[in-house]
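Biologist: Hi, can you walk me through this one? I'd like to start with a single residue and work outwards.

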Amino acid sequence: MILLRCIVMSSLLALSASCSNSGGLRHLDPSLIHNGRPTEAEAYSDFLIARFAAMTNDPQKAAEHYALAIDTAPEKSGIADRALFASLLSGDYREGVRLAQRANTLGSEAALVRLTLAVEALRVGRDDEARQMLEQTRFGPFNRMIARGLSAWRVVDTQGTDAAVRYLEDGLSGDPRLDSATLYMMGLIEMSAGNDHTALSVFNTLWESGARLAVGVEAHAQLLASRGQRAEALEILNTFDETVGHNASIARLRQAIEAGERIKVRRLDPDEGAALAVYVPAAALMSQTDDDVSAVYFVLALALDSDLHVARSLWAQSLSNAERWDEAISVLARIPEGSAFYATSRGQIAWALQRSGRSQSALAVAAEALDHSPDRGLKVQLADLYRAVGRQAQAEELLDQIIREDARHNREDWRLFFARGVSRTELGDWADGERDLLKALTLQPDDASLLNYVGYSYVDRGEHLDLAMDMIRRAAEMEPNAGYIIDSLGWAHYRLGNYDQATEHLERAVELEPGDPVVNDHLGDAYWQTGRKLEARFQWRRSLTLDPTDGERDRIEAKLVAGPSIPLVKQAESDAGVQLPKPVRP
């Protein structure tokens, strides 16, 4: 112990002596002094910032910090891959190309790296590089589909139409449903080469198989109308609208055919075709997911064809799905007035403003756009917007106008009757509202939302109760994972006094929609009626934390004091045994 104390004292004395030296530590070699921070710490810091930015919908910051982390990260190519994805997700194609080149240099085999480099090579005319990057054995199924479409248009440019068609034929399975994307590319290639008869044959096969791709249907109708087959063209365009939904390009083409205008077939150049090869699978991906992953592919498609405004429209929609409202508005603002998607884009801007809490600005944008372009699709969007902000009278007036205009063209859209029926019901005009809802059911008897709304309306009014419950049950069978429909089924049982069944369905509804204040409120009422009062109060308190409306909040707070007071419904005497006519398709 004495020896140890001596050693320590000696060390302290030596240190004291060095510090009292002239100049002290100033003469110590700075390289001997470390801050104790590992050299990888900066990369870890940037990586964590990037990860947090990615999780909080800030891909621009994510890309910036992933890029900063590449040089010092242990796994450089993986970080470069992430940086590329975030860069494209933020819409920065030029930076994406730079990061893809860097990732490729680091040995990355990521599909997105190869697709980005292939798109850039096609864009600037480097065919050998594009061919190497599009080698299909290095892609998974989804990206292989894109690579195959890009390769086909590369072959068109370098070897001609026949070689491109043979290339696509080699990958066909023989089932038009499975081959639809490839067959659409084949039809577009034939049409762009002027082989209209062959293209029509391909498009007819696809149509008969049930395939309904907007760009392919538009091309199909163009070919038919240009050959004088206007009735056939209108038939497929109307069918598309009824079964798939509104599309601005198809709506413009239909109007031109109906007006007797000369229809010109659009012949694609290789870059335009390649852009569609990326866009088509991306649009399909977007229809199957709620995230914004498809945005990276829309950015690549627009790099090949900046005039592909449908891609810009869907890109903005994917941004809106991710609640990146301002970015969506910025993307939509670049769609020019001459585009078929201009009016649609203004409607999308209005909805982005509405959903980000700027209702007045939303209404102003939509109204201004409608004054500029009396587009039917925009009118429908504005009517929906009026309904969303509670202006039911204005919604009804605009829907009246659209329905009357449709009637002049012998057209009936069940969705418009449904919307007007809801507005009229909200305005207290049940007689006219019911008439519209039944008209919608006649035109479309198999829509779960419509069945649910009509059925619940009858239950709430004590009318046609057996039929009403049947409608709601059918809706629940069609959409068993739709929380709002299961809530309607449970609440209908509640109103009829079937509290045990109500509780069972409402518990399921809360599992499906845990963040909905109304569903949680309903479950609280059901618990109360079955004697589970502690659980009832828990559900009501939870509902208060989920941002209910002011009216809902007042009712819930009252229930916490005195319990629920919703009366049971009773079959109307004049209504007993009434059977409504079964809806049929026109």
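**A chat about the helices and the core**

Modeller: Sure. A393 counts as partly exposed, since its relative accessibility is 47%. Keep in mind that we're looking at a predicted model.

Biologist: Okay, so where is A393 in the fold?

Modeller: A393 sits in helix α22. Its C-alpha is 7.3 Å from the C-alpha of L427, and those two residues are 34 apart in sequence.

Biologist: What about the loop after α22, which runs between α22 and α23: which residue there has a positive phi?

Modeller: That's N410, in the loop between α22 (392–408) and α23 (414–426). Its phi is near 55°, which is a positive value in a residue that isn't glycine.

Biologist: Is N410 buried or exposed?

Modeller: Exposed, because its relative accessibility is 76% and the cut-off for exposed is over 50%.

Biologist: And E323, what's its phi?

Modeller: Near 60°, so again a positive value in a residue other than glycine. E323 is in the loop between α17 (309–321) and α18 (325–332). With 57% relative accessibility, E323 counts as exposed.

Biologist: Let's go inside. How many residues does the largest nonpolar core have?

Modeller: It has 175 residues. The ones with the most contacts inside that core are L150, W153, L188, F203, Y279 and L308.

Biologist: Which helix gives the largest share of this core?

Modeller: Helix α15, residues 270–288, which supplies 10 residues.

Biologist: Why would nonpolar side chains be buried together?

Modeller: It's a general tendency: in soluble globular proteins, nonpolar side chains tend to end up buried together.

Biologist: Back to L308, then. What does L308 touch?

Modeller: Leaving out residues up to four places away in sequence, L308 touches A275, L276, Y279, A301 and L302.

Biologist: You listed W153 in the core too. What about S192, which residues does S192 touch?

Modeller: S192 touches W153, R267 and L268, again not counting residues up to four places away in sequence. S192 is in helix α10, residues 180–192. The C-alpha atoms of S192 and L268 are 5.2 Å apart, though the two residues are 76 apart along the chain.

Biologist: Is S192 buried or exposed?

Modeller: Buried: its relative accessible area is 18%, and buried means under 20%.

Biologist: New topic, helix pairs. At what angle do α20 and α21 pack?

Modeller: Helix α20 (residues 359–372) and helix α21 (residues 376–388) pack at about 155°, and their axes are 10 Å apart. That makes the two helices roughly antiparallel, because the angle is over 145 degrees. Their crossing is left-handed.

Biologist: Which residues meet there?

Modeller: From α20 you have A362, L363, A366, A367, A369 and L370, and they meet L378, K379, L382, L385 and Y386 in α21. By type, this contact has 10 nonpolar residues, no polar ones and 1 charged.

Biologist: And how do α29 and α31 pack?

Modeller: Helix α29 (residues 517–529) and helix α31 (residues 550–562) pack at about 20°, with axes 12 Å apart. They're therefore roughly parallel to each other, and their crossing is left-handed.

Biologist: Which residues are in that contact?

Modeller: V518, D521, D525 and W528 in α29 meet E552, R555, I556, K559 and A562 in α31. The residues of this contact divide into 4 nonpolar, no polar and 5 charged.

Conventions:
Residues numbered from 1 in each chain as written. Predicted model: local features only at pLDDT ≥ 70, side-chain atom pairs only at ≥ 80, totals over all residues. Heavy atoms only, no water. Axes fitted to C-alpha atoms, helices over the stretch in contact; angles between N-to-C directions. Helix = DSSP H or I, 4+ residues; strand = E, 2+ residues; numbered from the N terminus. Parallel < 35°, antiparallel > 145°, perpendicular 65-115°, else oblique. Left-handed = near helix turned anticlockwise from the far one by under 90°. Contact = heavy atoms within 4.5 Å. Nonpolar A, V, L, I, M, F, W, Y, C, P; charged D, E, K, R; others polar. Core = buried A, V, L, I, M, F, W, Y, C linked by side-chain atoms within 4.5 Å. Buried < 20%, exposed > 50% of the residue type's maximum accessible area, 1.4 Å probe, protein only.
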